[in-house]
Amino acid sequence: MGGTEDDPLQTTFIRFKGPAAQKTFVVSHGAEKISDTQWAGYELDRAIFALTNQSTAPPLTTDSEIIWMFEKVDDDTVKAKLRIAGYLNAQSDTLYFDARNRAVSLQDYTLEMKRVSSV
């Protein structure tokens, strides 16, 4: 699953305008074929946002779970449902233990993707 020198975690690094940067690690992921036309998957991410100047403010750490399900409607259309669950992190939030490892925010989206003819 990653996290070793031979199999590192997938990582994204962003340097913002101004004195800030964020690093996001894919901690876990998985997928399952439900039927010939349906597929579901998930990804767990940890993001660390920090100031890059002389500030002594500690970095902000967030944990997110992205859950999606795709369904092929026809050769040109795919419909999907996307849920993003946000979790508290022990390093960043004193209410972490009160949440008992449950999501504290949920965002749901419905997507419809259609093939576009080439120009």
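## Nonpolar surface patch

In this predicted model, Ile-14, Phe-16, Phe-49, Leu-51 and Leu-60 together form a nonpolar patch on the surface, with an area of about 410 Å². Two elements each give two or more residues to the patch, namely β1 (11–16) and β3 (38–51).

Phe-49 illustrates the β3 contribution, since this residue is placed in strand β3. Its relative accessibility of 33% lies between the limits of 20% and 50%, and Phe-49 is therefore classed as partly exposed. Membership of a patch requires over 30% relative accessible area, and the 33% of Phe-49 satisfies that requirement.

## The largest pocket

The largest pocket has a volume of about 170 Å³. Its lining consists of Val-27, Leu-44, Asp-45, Arg-46, Asp-63, Ser-64, Tyr-87, Leu-88, Tyr-96 and Asn-101. By residue class, five of these are nonpolar, two are polar and three are charged.

Which strand supplies the largest share of the lining? That strand is β3, with three residues. Both β3 and β4 (60–74) contribute at least two residues each to the lining. Strand β3 thus appears in two settings: among the elements that give two or more residues to the nonpolar patch, and as the source of the largest share of the pocket lining.

## Salt bridges around the β4–β5 loop

The model contains six salt bridges. One of them joins Asp-75 to Lys-72, with the closest N and O atoms 3.3 Å apart. Asp-75 is exposed, with a relative accessible area of 57%, whereas Lys-72 is partly exposed at 43%.

Another salt bridge pairs the side chains of Arg-115 and Asp-76, with an N to O distance of 3.0 Å. Arg-115 belongs to the segment after β6 (105–114), and Asp-76 to the loop between β4 and β5 (77–87), so this contact ties together parts of the chain that are 39 residues apart in sequence. Arg-115 counts as exposed at 59% relative accessibility, while Asp-76 is partly exposed at 41%.

## The Lys-114 and Glu-112 pair

A further salt bridge is formed between the side chains of Lys-114 and Glu-112, at 3.4 Å from N to O. Lys-114 has a relative accessible area of 53% and is classed as exposed because this value is over 50%. Glu-112, at 46%, counts as partly exposed.

## Positive phi angles between α1 and β6

Most residues other than glycine have a negative phi. Which phi values are found at Arg-100 and Asn-101? The phi of Arg-100 is near 50°, a positive value in a residue other than glycine. For Asn-101, phi is near 60°, again a positive value in a residue other than glycine.

Arg-100 lies in the loop between α1 (96–99) and β6, and Asn-101 is located in the loop between α1 and β6 as well. Are these residues buried or exposed? Arg-100 is exposed, with a relative accessible area of 63%, and Asn-101 is likewise exposed, at 60%. Asn-101 also links this loop to the pocket described above, being one of the residues that line it.

Notes. Residues are numbered from 1 along each chain as its sequence is written. This is a predicted model: local features need pLDDT of at least 70, side-chain atom pairs count only at pLDDT 80 or more; totals for chains, interfaces and linings use all residues. Side-chain values use heavy atoms; hydrogens and water are left out. Patches are made of residues with over 30% relative accessible area and no salt bridge: like charges are joined within 9 Å, nonpolar side chains (Val, Leu, Ile, Met, Phe, Trp, Tyr) within 5 Å. Accessible areas come from the Shrake-Rupley method with a 1.4 Å probe; for residues, only the protein chains shown count as cover. A salt bridge is a side-chain nitrogen of Lys or Arg within 4 Å of a carboxyl oxygen of Asp or Glu. Helices (H or I, at least four residues) and strands (E, at least two) are DSSP runs, numbered from the N terminus. Buried means under 20% relative accessible area, exposed over 50%, partly exposed in between (1.4 Å probe, protein chains only). On a 1 Å grid over the protein atoms alone, a cavity is a set of points where a 1.4 Å probe fits but cannot get out, and a pocket is an open set with protein on both sides within 12 Å along at least five of seven lines; lining residues have an atom within 4 Å of a point. Grid points are joined across faces, edges and corners, and a volume is the space filled by probe spheres set on the points. Ala, Val, Leu, Ile, Met, Phe, Trp, Tyr, Cys and Pro count as nonpolar, Asp, Glu, Lys and Arg as charged, and the others, Gly among them, as polar.
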